Amino acid sequence: MTDAADAPVLALDEVEVRFPVAADWLGRPNRYAHAINGVTLDVRRGEILGIVGESGCGKSTLAQLLMGLLEPTGGDVRRAAASDAARANVQIVFQDPQSSLDPRLPVWRVIMEPVYVRGGGRLSSLRGRAAQLALKVGLRAEQLDRYVHEFSGGQRQRIAIARALSSDPDVIVLDEPTSALDISVQAQILNLLLDLQRAYGLTYVLISHNVSVVRHLCDRVAVMYLGQIVEVGRARDVLGDPRHPYTRLLLDSVPRLGEPFAPGVPSVNTELPSNRTLPAGCFFRDRCPMATAGCELPQRLKPLPGDEHACRCHLQTGETAGPG
């Protein structure tokens, strides 16, 4: 039996999410967009879990699931027993701090908003807590009465991080937290996040298409393709020795200074298939130059030899593909 202290903070078990996109003449849905397609994944306390994949792969939908903003169409999302208010215990730092912060409130109120809306104390006590959080993220106490528009992009993201910390969440979802910032500021924010995680044992889920950022921060990485996890494992294994053809394509597509673009795993087709009619068998088959007999069957996420590395490709796992 798994000890409660070692149980995942969040666990997804064969989760599916689909959205109706068309209906018959009686208004009954008859066509769907399949955003998440059988995702099994856990988030472990104190880790940084990276979720990578190209646009349209389901990363944002997965974030909404973790936040409790979406209910799964199928499967199960489990939260640790210690989380009494599950939805409130998962906070998020968005990509664009400008649009995610209330411009009408002074910064100290912005920081404490998640606590205030739940009746978390008097304003005077909340302001003192906001000052403590501001210091943690590199802001000065005298800046707390200013408004969001008076801060730079990097400072706004520091405010967003402080706001996410205010309710002592179990998990913080980082949704492309640096992609809207200047290059010089990105490193500062990433190092701040890493310092906070190490100092307070925070649990992050980092959603990004930037492989370099994921490599810098993450303990484990899950690679998504068309709503499925196609590879998952420790960051050094997945990014250092990718086994799924899609993971290789993703990594080889990252430009390198001074090198011509020449992907090591060329793709037959560069277009992501529609999620309204899912491909038969391996979802990546029509884009994969390694496709062969067996790829026409559904692929299962199975462990590879070694520690905690799994892949959804029968050519790598050595197992016969089949239902699942």
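**Exercise 1. The parallel neighbours of strand 7**

How many bridges join strand 6 (residues 171-175) to strand 7, and in which sense do the two strands run? Then describe the surroundings of strand 7.

Solution. The model is predicted, so local features need pLDDT of at least 70 and side-chain atom pairs count only at pLDDT 80 or more, while totals for chains, interfaces and linings use all residues. Residues are numbered from 1 along each chain as its sequence is written, and side-chain values use heavy atoms, with hydrogens and water left out.

Step 1. Strand 6 and strand 7 run parallel and are joined by four bridges; strands here are DSSP runs of E with at least two residues, helices are runs of H or I with at least four, both numbered from the N terminus, and two strands pair if DSSP finds at least two bridges between them. Within this pairing, leucine 174 stands opposite leucine 206 of strand 7.

Step 2. Between these two strands the chain passes through helix 6 (residues 183-200), and the resulting β-α-β crossover is right-handed, meaning that, with the strands pointing away from the viewer, the path from the first strand over the helix to the second runs clockwise.

Step 3. Strand 3 (residues 48-52) also runs parallel to strand 7, to which five bridges join it, and here leucine 49 stands opposite valine 205.

Step 4. Five of the five residues of strand 7 (residues 204-208) are buried, so the strand is largely enclosed by the rest of the structure; buried means under 20% relative accessible area, exposed over 50% and partly exposed in between, with a 1.4 Å probe and protein chains only. In a regular strand the side chains alternate between the two faces of the sheet. In strand 7 both faces are covered, with Tyr204, Leu206 and Ser208 buried on one side and Val205 and Ile207 buried on the other.

**Exercise 2. The two open sheets**

Give the strand order of the eight-stranded open sheet and that of the three-stranded one, and identify the edge strands of each.

Solution. Step 1. The eight strands follow the order 5-6-7-3-8-9-11-10, with mixed pairing. Strand 5 (90-93) and strand 10 stand at the edges with a single partner strand each, so one side of each is left without a neighbour in the sheet.

Step 2. At the strand 10 edge, strand 10 pairs with strand 11 (residues 310-311) in the antiparallel sense over two bridges, and proline 303 has alanine 310 as its bridge partner in strand 11. Helix 5 (residues 153-165) lies across strand 5 and strand 6, running at about 180° to strand 5; such angles run from 0 to 180 degrees between N-to-C directions, with axes fitted to C-alpha atoms and, for helices, over the stretch in contact, where contact means heavy atoms within 4.5 Å.

Step 3. The three-stranded sheet has the order 2-1-4 and antiparallel pairing. Its edges are strand 2 (29-43) and strand 4 (74-79), each with a single partner strand, so one side of each has no neighbour in the sheet. Neighbouring strands of this sheet are turned by 30° against each other on average, direction ignored.

Step 4. Five bridges pair strand 1 (residues 10-23) with strand 4 in the antiparallel sense, and the bridge partner of glutamate 16 in strand 4 is glycine 74. Helix 1 (residues 59-67) packs on this sheet and touches strand 1, strand 2 and strand 4, its direction making about 120° with that of strand 1.

**Exercise 3. Aromatic rings**

How many aromatic pairs does a search of the whole structure find, and which residues form one aromatic cluster with Phe284?

Solution. Step 1. The search finds three aromatic pairs; rings of Phe, Tyr and Trp (its six-membered ring) pair if their centres lie within 6.5 Å, and planes under 30 degrees apart count as stacked, over 60 as edge-to-face and the rest as tilted.

Step 2. One of them is the edge-to-face pair of tyrosine 225 and phenylalanine 284, at 5.2 Å centre to centre with 85° between the planes. Tyrosine 225 lies in strand 8 (residues 220-225) and phenylalanine 284 in the loop between helix 9 (245-252) and strand 10 (302-303), so the pair ties together parts 59 residues apart in sequence.

Step 3. Tyrosine 246 and phenylalanine 284 also form an edge-to-face pair, at 5.5 Å centre to centre and 65° between the planes. Tyrosine 246 is buried, with a relative accessible area of 1%, and phenylalanine 284 is buried at 2%.

Step 4. Tyr225, Tyr246 and Phe284 therefore belong to one aromatic cluster by the ring-pair criterion.
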